[in-house]
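Hi everyone, thanks for coming. Please bring up the sequence and the structure, and we will walk through them together.

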There are 4 protein chains.
Amino acid sequence: MSGNTLGTLFTVTSFGESHGPAIGCIVDGCPPGLAICEADIQAELDRRKPGTSRHVTQRREPDTVEILSGVFEGVTTGTPISLLIRNQDQRSKDYGNIADTFRPGHADYAYLQKYGLRDHRGGGRSSARETAVRVAAGAIAKKWLKERHGIVIRACMGALGPIEIPFVSWDEVDGNPFFAPNAAIVPELEAFMDALRKSGDSIGARIDVVASGVPVGWGEPVYGRLDADIAYAMMGINAVKGVEIGAGFKSVAQRGTEHGDEMTPAGFLSNHAGGVLGGISTGQDILASIAIKPTSSIRLERRSIDRAGNPVMVATEGRHDPCVGIRATPIAESMLALVLIDHALRHRAQCGDVRTDTPRIPALAPAGSQRLPSPR
Amino acid sequence: MSGNTLGTLFTVTSFGESHGPAIGCIVDGCPPGLAICEADIQAELDRRKPGTSRHVTQRREPDTVEILSGVFEGVTTGTPISLLIRNQDQRSKDYGNIADTFRPGHADYAYLQKYGLRDHRGGGRSSARETAVRVAAGAIAKKWLKERHGIVIRACMGALGPIEIPFVSWDEVDGNPFFAPNAAIVPELEAFMDALRKSGDSIGARIDVVASGVPVGWGEPVYGRLDADIAYAMMGINAVKGVEIGAGFKSVAQRGTEHGDEMTPAGFLSNHAGGVLGGISTGQDILASIAIKPTSSIRLERRSIDRAGNPVMVATEGRHDPCVGIRATPIAESMLALVLIDHALRHRAQCGDVRTDTPRIPALAPAGSQRLPSPR
Amino acid sequence: MSGNTLGTLFTVTSFGESHGPAIGCIVDGCPPGLAICEADIQAELDRRKPGTSRHVTQRREPDTVEILSGVFEGVTTGTPISLLIRNQDQRSKDYGNIADTFRPGHADYAYLQKYGLRDHRGGGRSSARETAVRVAAGAIAKKWLKERHGIVIRACMGALGPIEIPFVSWDEVDGNPFFAPNAAIVPELEAFMDALRKSGDSIGARIDVVASGVPVGWGEPVYGRLDADIAYAMMGINAVKGVEIGAGFKSVAQRGTEHGDEMTPAGFLSNHAGGVLGGISTGQDILASIAIKPTSSIRLERRSIDRAGNPVMVATEGRHDPCVGIRATPIAESMLALVLIDHALRHRAQCGDVRTDTPRIPALAPAGSQRLPSPR
Amino acid sequence: MSGNTLGTLFTVTSFGESHGPAIGCIVDGCPPGLAICEADIQAELDRRKPGTSRHVTQRREPDTVEILSGVFEGVTTGTPISLLIRNQDQRSKDYGNIADTFRPGHADYAYLQKYGLRDHRGGGRSSARETAVRVAAGAIAKKWLKERHGIVIRACMGALGPIEIPFVSWDEVDGNPFFAPNAAIVPELEAFMDALRKSGDSIGARIDVVASGVPVGWGEPVYGRLDADIAYAMMGINAVKGVEIGAGFKSVAQRGTEHGDEMTPAGFLSNHAGGVLGGISTGQDILASIAIKPTSSIRLERRSIDRAGNPVMVATEGRHDPCVGIRATPIAESMLALVLIDHALRHRAQCGDVRTDTPRIPALAPAGSQRLPSPR
């Protein structure tokens, strides 16, 4: 499998550099008959696009998507869907000074060593700009999951640097530039970001993602697990350094009597598993959390070397997000959607849409109180 | 890709149930010319096998491996290597009472719902017994990585339940049944486990894994990243609920000036990246940590349902690890080895063994002070 | 994808050398709930096994198959099915003299050059002995296709060397050692083979394969075509040098008015397409033919070289089929079955079991007169 | 693996419909450092493009390719190369009359049955127009194979309908609109085509393809064979119904003493194997032949049905090739190039660029008299 393709049956093959002519992808394996149009995709792209507040990069990219194939008369045909986003606001000259040096904490050095050359303009392929295509592809996945299975996927910021954000309501997420599920805390976040931006430094974040309505039975033991694929997809987002499912690292100190979710005829009594047991969905909410490191491109000077191996001091001009975690929220939703639709199809392949040949146990009603992982 | 195959070029396809006739795997894509014999593999299996101390399951499985193909006159031929381990100490009758009920926190329920039927004996395919084949396959990978590239892969227990284990030395790891890198703490761990076993409950753990000597340049942007594949492999180990690379979740509260590893002609000055930037190895140590949940099969009674949906109380007889994290140490090493050899081959495919067609920057000497992630 | 795995969703991963301890495979992705036992598989293996007549190799291999996993209480569980066949009648000493020379037309030379070493005993991995595992795996595929979709897959010998075999009836195929669909021609075939065996030479053959009852709609444009996958599977059988679908090479001289199969409400009026259009099944019989070269291991002396590059004369002792095409008949059936079940699952993944969301055109009744491709 | 992706390591993922906005592909896994520009690709596209003579479709498509990514300062970077070709001369109204009927011998019926809907304009995804992207991707593969290994890939027309074309010289191939390796026969071909076009009918063809300079050792036993992948790639070209390697179907009547290519210190004495033994290249020329059926879109009326299942007569307007085989020549070259580069990388992954750890036998000089398969 090529390094730029995600998925087994519902696949996304991505291309594009930050400052090249365009970015985009080919979505293959989409079920036929799904109504989709550019506006459906654009709505998701607009949530991620740069320049929407003073807390994110000021690069002005409309991220206008064009569907080049696979949709006929407003409906998917089952053939590959090609999505194209032209780059517009490229100021490559901002990057002239980093052509021969390496930003600490950035992929510059690794790319050059791997390939022997690199497109240094704006990080080239390693730029977070590529994540726009994941959001575009994810919009298709989300729509199918919603229409076919009633699945809803949502993410929010769980922590901005040292500030934990208590979960209040999903309704508050889209009302502030941080995707915080808590309007009351927004002034504190703004003050923090304003000070940070002034300092020239950057900060990490934690994003929490939830999928509700996922049927029991998706996922493949023992290597193609649903949780393993979620971990793969999430760790594949730029700047992610950690992934948790359900109780995550809190499991380390838990006892079996505390962690194992009890079951009753009315449903599960807790969700430490995060909706996955043995690599297979349980029908409970899928819960994932990801740790996002601080942006490596910062204005402050840091020690590094140049291509000849000489010591240099590096500061990064250009327009960067002081907290890439902010715009990661729609990306995380998209990645979860892409994993879920792939497993929906994989499950259907092996086990069929509706299984009538074997006895079924009664479906457990999901407990009403499913919530985000409690703050750590 | 089938759900029981790991890897792209160096692949492991696994089979077997806990209480079936055998478990095993086919390792494909191994480079020819590697000297390997059953004793090489057995040595790794013996580190994981059950029954080696009172703190792990008392099932008596010698885990004797037989090489059925792919090795001729002591050397790999480049054709598939089949490894077979016969099950011996099956007491399936211990499991008669769980055939129709579901253990809280166990895959029982998910398997039955997915497939409409399941092999309930000892957890069947979902049993941690399957991980023996990962260790067997990993032994081949480890040997090649060591001989070809000088790579050393080691893991140790970082926390046993609430007890953090300060890192002292790799030399202490194999001298105690916990794989603790700290002999002085062993009495405390033993006392904890003895009390736990008496209580009938189970506990989680954290394992830290390190690969030293990995060349710069392995990994594929932007979806086939080295860290994404590590996350996939680690989350694919039974009972794992979280994965971190480098600073992991500590990145959330870090600033860019703190997290981004500075470089000098003598090497990197820190390793918050955990040896991976932009999905590509940097030449520093690869650092990963995994959270392992407490065993779901416990003697204490818990609320559950039966196949007919009636409420029942479930307690699990049979022989189980009160802390599956203990035996996970060699498994984590193996999974990292399998990911690394796969990326070694993938890198060689695209970029060649030795690149002479492009200028290279001087290799950075790895800083002498690489250490495990500091305790959290 | 590894070089020893066949299929995308229903996968067969094969191992084993001709004179090693065993051959076998792991079948993954099989739908759960299929009743299967060793006797089902053995029946197919017995059709291929050596030593059943004087016209095939006299090696005595019972080819007894053991199911090691994936079947519980007589039914597939959806987990990997491991099949093991121990080698028994190995006379490796017969091959001592070919360890350092290359048989003309054999893979000896290519293997040694590829890997730098080879298991020379009986051809090692390149031996047709490996095809037993395809037949074993194919037995599972055949049974599912029959039970789920009513598909019947049959093959027969279409030509033995220069002798064309006019098709009479499928009923005659299993009544003679040549799988000839024509009892009357058997004496001629026997006389031909007796003379050939006496001469020490070998001969080619053509096998025709037919799948009846395949639903319309299986196959994936434009690279994952059903016919392309059939070509891949057939050309992957040892000694195959050509593959045709439907009219095959006769299409070259045909006009559009002759080749294009007309349709009426009662069905298609001909089947030059061989049941595949645009890479997708049409509901007509799938028709394929394969050309099998004469065995390269012959008793007659031929010019070759040794490992040092010196000229030598090579004659092959050991027990070989003078016409490998004879035993290829069940192999060809199995390969077609493996391709079809894989596409059955792939189609179900993308398009679902039963499509109720789009209007359907009336199913065309297959024309009653579907027949094998007429002799060339 | 998705149905629109070709290859394992060097992958081509294709999109686009005949009358949609554009066609194109993403080429992933290309080695870095290859000098490539749009003109290199355009040169190959111009050989395939429509409208170059009166014997092919008169659709006017300049097939201008744009490179959107993966090339920086004229050199491949190792990241995905996106190629875009905008459609220009769409006369979709020509196809209004086939929206509700099925052309005999065309994919119309199969697509509709598979997906429940289809883009009927010009055949949509099933149109041969898609093959332009194969030629574009193949141009990159060809250039790398030439520069890195000195491999030359050429194809020519071997038969036009009933007219066998004796091979004279590769030099004559590009001097006539038929890609005939024989200038003297061109008037006969022109007369045949003129009469055919006047009649409204279409005709089949045979294309022969040769790769010279392929190193010994490429290909993977036993399912990922080089010849199996060639068969897959060739049968995946629109309208192909048969594939031969080396002696192909002539092998059926050959004896082992005739077919098996003898070896001497100076090289092989014949090439019935077509350069592949046991699925691995031998260092001889790779020889393949493909049978191409007559175009199904013809002006003559034929019996068919409509979407409601009623009998209708169908004649196809629009602009079609009376012999799709003519323009298939560059496509066949491209497909062979794509298979070879993929196996070049796969071989390098497992066995390394240069093997110094095992003794090598002397390379056999290829015999001087390598030729195309003799006419049948």
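I will talk about two of the interfaces, then two annotated arginines, then a few details of the backbone.

First, some housekeeping. This is a predicted model, in which local features need pLDDT of at least 70 and side-chain atom pairs count only at pLDDT 80 or more, while totals for chains, interfaces and linings use all residues. Residues are numbered from 1 along each chain as its sequence is written, chains are lettered from A and ligands numbered from 1 in the order in which they are written, and side-chain values use heavy atoms, with hydrogens and water left out.

Let's start with chains B and A. Here 118 residues of chain B are in contact with 118 residues of chain A, where contact means heavy atoms within 4.5 Å. Together the two chains bury about 9,500 Å², and carbon and sulfur atoms give 60% of that. Buried area is the accessible area, taken with a 1.4 Å probe, that two parts lose on being put together, summed over both.

How many salt bridges are there between chain B and chain A? The count is 4, a salt bridge being a side-chain nitrogen of Lys or Arg within 4 Å of a carboxyl oxygen of Asp or Glu. One to look up is B:Glu262 with A:Arg303, at 3.0 Å from N to O. There are also 51 residue pairs in polar contact across this interface, both residues at pLDDT 80 or more. A polar contact is a pair of N or O atoms within 3.5 Å; within protein, one must be able to donate a hydrogen and the other to accept it, and residues adjacent in sequence count only if both atoms are side-chain atoms.

Which element of chain B gives the most to the side that touches chain A? That is helix 2 of chain B, with 7 residues. Helices (H or I, at least four residues) and strands (E, at least two) are DSSP runs, numbered from the N terminus.

Stay with that helix for a moment. Helix 2 of chain B covers residues 108-115, and 8 of its 8 residues are buried. Buried means under 20% relative accessible area, exposed means over 50%, and partly exposed is in between, with a 1.4 Å probe and protein chains only. Among the buried residues are B:Tyr109, B:Tyr111 and B:Tyr115. Their cover includes parts of chain A, such as strand 12 (263-264) and helix 7 (324-351). Right after helix 2 of chain B comes B:Gly116, with a positive phi near 85°.

Now turn to chains C and B. Each chain brings 41 residues to this contact, and the two bury about 3,100 Å² between them, 64% of it on carbon and sulfur atoms. The rule finds 2 salt bridges here. In one of them, C:Glu66 pairs with B:Arg86, their closest N and O atoms being 3.0 Å apart. For polar contacts, the count is 8 residue pairs, both at pLDDT 80 or more.

Next, the arginines. An unreviewed UniProt entry places the feature "binding site" at A:Arg48 and A:Arg54; UniProt positions are given in the numbering used here, feature names are shortened, and annotations may be inferred rather than shown by experiment.

Is A:Arg48 buried or exposed? A:Arg48 counts as buried because its relative accessibility is 1%. This arginine sits in helix 1 (residues 38-48) of chain A. Leaving aside neighbours within four places in sequence, its contacts include A:Asp63, A:Arg129 and A:Arg327.

A:Arg54 is partly exposed, because its relative accessibility is 42%. Find it in the loop between helix 1 and strand 4 (65-67) of chain A. Its side chain makes a polar contact with the side chain of A:Asp194, at 2.9 Å.

Finally, the backbone. In chain C, a cis peptide bond joins C:Pro221 and C:Val222, with omega about -5°. C:Val222 is in the loop between strand 10 (205-212) and helix 5 of chain C. That helix 5 (residues 226-235) has 10 of its 10 residues buried, so it is largely enclosed by the rest of the structure.

One last stop is A:Phe179, which has a positive phi of about 55° although it is not a glycine. A:Phe179 is buried, with a relative accessible area of 8%.
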